[in-house]
Amino acid sequence: MAQFLTNLVTASIHGSIVILAVILLRLLLRKTPKKYICLLWLLAGVRLLMPIEIRSDLSLQPEFTLPVWNLPGFLLWVWVAVAICFGIYSLISYRKL
């Protein structure tokens, strides 16, 4: 359980870095066609969904090791509840489209 939460926090931090990079690229590439901006967001979404870490010598992400924390068990349930709420909201928004 602790290993799962550690991996979850690490993946979230790496995903946040990719999202920040996409936001900065959007500011720099204002005149770019919208399909390329959507591809950048797709890249960020795929990174958030990937359970594994891709390592490369050319990586722009810093080496990150999470300190060992005693995360309580209810943190997992809070995360699951927020994920379910977000999923329901996404489905409702999709149906309205």
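**Figure 1. Overall fold of the predicted model.** Helices and strands are DSSP runs, of at least four residues for a helix (H or I) and at least two for a strand (E), numbered from the N terminus. The protein shown here, a predicted model, has three helices and zero strands. Along the sequence, these elements follow the pattern α-α-α. Of the contacts that join residues at least 6 apart in sequence, 70% link residues at least 24 apart.

**Figure 2. Confidence of the prediction.** The average pLDDT of the protein is 76, and 72% of the residues score at least 70. Confidence is highest in helix 2, at a mean of 83, and lowest in helix 1, at a mean of 80.

**Figure 3. Surface and interior of the protein.** The protein exposes about 8400 Å². Carbon and sulfur atoms supply 72% of this exposed area. Of the 97 residues in the protein, 14% are buried.

**Figure 4. A nonpolar patch on the surface.** Five side chains are shown in this view: Leu20, Ile23, Leu24, Leu27 and Trp41 make a nonpolar surface patch of about 480 Å². Which helix gives the most to the nonpolar patch? Helix 1, which spans residues 2-28, does so with four residues. Leucine 20, one of the residues of the patch, lies in helix 1. Leucine 20 has a relative accessible area of 54% and is therefore classed as exposed, the cut-off for that class being over 50%.

**Figure 5. Alanine 44 and its surroundings.** Alanine 44 belongs to helix 2, which covers residues 34-49. Is alanine 44 buried or exposed? Its relative accessible area is 2%, so alanine 44 is buried; the class requires a value under 20%. When neighbours within four places in sequence are left aside, alanine 44 is in contact with Val18, Ile19 and Val22. Alanine 44 and leucine 20 are 24 residues apart along the chain, and their C-alpha atoms are separated by 9.3 Å. The two residues also illustrate opposite classes: leucine 20 is exposed, whereas alanine 44 is buried.

**Figure 6. Cysteine 38 and cysteine 85.** Cysteine 38 has a relative accessibility of 52% and therefore counts as exposed. Cysteine 85 is likewise exposed, because its relative accessible area is 52%. A disulfide is a covalent bond between the sulfur atoms of two cysteines. How many disulfides does the structure hold? The structure holds zero disulfides.

Methods:
Residues numbered from 1 in each chain as written. Heavy atoms only, no water. Patch = residues over 30% accessible without salt bridge, like charges linked within 9 Å, V, L, I, M, F, W, Y side chains within 5 Å. Areas by Shrake-Rupley, 256 points an atom, 1.4 Å probe, with all protein chains shown as cover. Salt bridge = Lys/Arg side-chain N within 4 Å of Asp/Glu carboxyl O. Buried < 20%, exposed > 50% of the residue type's maximum accessible area, 1.4 Å probe, protein only. Contact = heavy atoms within 4.5 Å. Disulfide = S-S within 2.5 Å. pLDDT = per-residue confidence, 0-100.
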